[in-house]
Amino acid sequence: NDLVTAVKSFKEAATNDGHGGDNWIQYWNGARLKAQKCQTTSADDDCVSYQIINALDALKTILSAKLVLGFHPDQATDSCLDLAEVLGVPFCVVPCCVFPKEFPNRILPNGTTQVK
C-alpha cells in the first residue's frame, strides 16, 4: 500500500503546488533497494534491460497506466483497487485466495455471507 500512498501523495502535491517529486523519489529509492536485496543472482544479463532504475521513469510508467491488473494478488488485492482509483483507470483482479481471517469485511454481493 506504500506504492498507492506515494502515487496519491505525488498527484495531490503536483495538483496543489506543481511539485511532489521529492516524496516519490524517496519512496522509489527505498523500494528499489528493497527489491535489489530480494533478487536472486542470475547469469542472464537480459533481465537488466527490463528494470526501471530511475525514479521519475518509474513514476511516468505508473501514471501512464491504462489498467491495473492483479493476477493472484493475494494480500495486495486492496492495493490494486486503491491504485486504480488513484490513477482513475479501470482494474481487473483475478483472485486466488481471499484471506478471510485478514479481511473479515470482504463479503458476498448479497451482503450476508463472509467470503471464504
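Leaving aside its neighbours within four places in sequence, which residues is Thr77 in contact with? In this predicted model, the contacts of Thr77 are with Val93 and Arg106. Thr77 itself lies in helix α4, and its relative accessibility of 12% places it among the buried residues, because the cut-off for burial is under 20%. Helix α4 returns several times in the description that follows, so a view of the whole chain is a helpful place to continue.

The protein chain contains four helices and two strands, and these are arranged along the sequence in the pattern α-α-α-β-α-β. Of its 116 residues, 22% are buried. The exposed surface comes to about 8,400 Å², and 56% of that area is supplied by carbon and sulfur atoms. Turning to contacts between residues at least 6 apart in sequence, 45% of them join residues at least 24 apart.

The interior can be followed through the largest nonpolar core, a set of 17 residues. Within this core, the residues with the most contacts are Val7, Trp24, Ile62, Val68, Leu83 and Leu87. At least two core residues come from each of α1 (2–17), α2 (21–38), α3 (55–63) and α4 (77–87). Helix α4 provides the largest share, with five residues. Leu87 gives a good view of how the parts meet: not counting residues up to four places away in sequence, Leu87 touches Val7, Lys11, Ile62, Leu63, Ala65 and Val68. Three of the partners of Leu87, namely Val7, Ile62 and Val68, are also listed with Leu87 among the core residues with the most contacts.

The two strands come next. In a regular strand the side chains alternate between the two faces of the sheet. Strand β1 (residues 68–71) shows such an alternation: Val68 and Gly70 point to one face and are buried, whereas Leu69 and Phe71 point to the other face and are not buried. Strand β1 pairs with β2 (residues 91–94) in the parallel sense, over four bridges. The chain passes from β1 through α4 to β2, and the resulting β-α-β crossover is right-handed. Individual positions help to fix the register of the pair: Val68 has Phe91 of β2 as its bridge partner, and Leu69 stands opposite Cys92 in β2.

Cys92 leads on to the cysteines. A disulfide is a covalent bond between the sulfur atoms of two cysteines. The structure holds zero disulfides. Cys80 takes part in none, and the nearest cysteine sulfur to it, that of Cys92, is 9.9 Å away. Cys92 is likewise in no disulfide, its nearest cysteine sulfur being that of Cys80 at 9.9 Å; a disulfide would call for sulfur atoms within 2.5 Å. As for their surroundings, Cys80 counts as buried because its relative accessibility is 13%, while Cys92, at 35%, counts as partly exposed.

Technical notes:
Residues are numbered from 1 along each chain as its sequence is written. This is a predicted model: local features need pLDDT of at least 70, side-chain atom pairs count only at pLDDT 80 or more; totals for chains, interfaces and linings use all residues. Side-chain values use heavy atoms; hydrogens and water are left out. Buried means under 20% relative accessible area, exposed over 50%, partly exposed in between (1.4 Å probe, protein chains only). Contact means heavy atoms within 4.5 Å. Accessible areas come from the Shrake-Rupley method with a 1.4 Å probe; for residues, only the protein chains shown count as cover. A nonpolar core is a set of buried Ala, Val, Leu, Ile, Met, Phe, Trp, Tyr and Cys residues joined through side-chain atoms within 4.5 Å. Two strands pair if DSSP finds at least two bridges between them. A crossover is right-handed if, with the strands pointing away from the viewer, the path from the first strand over the helix to the second runs clockwise.
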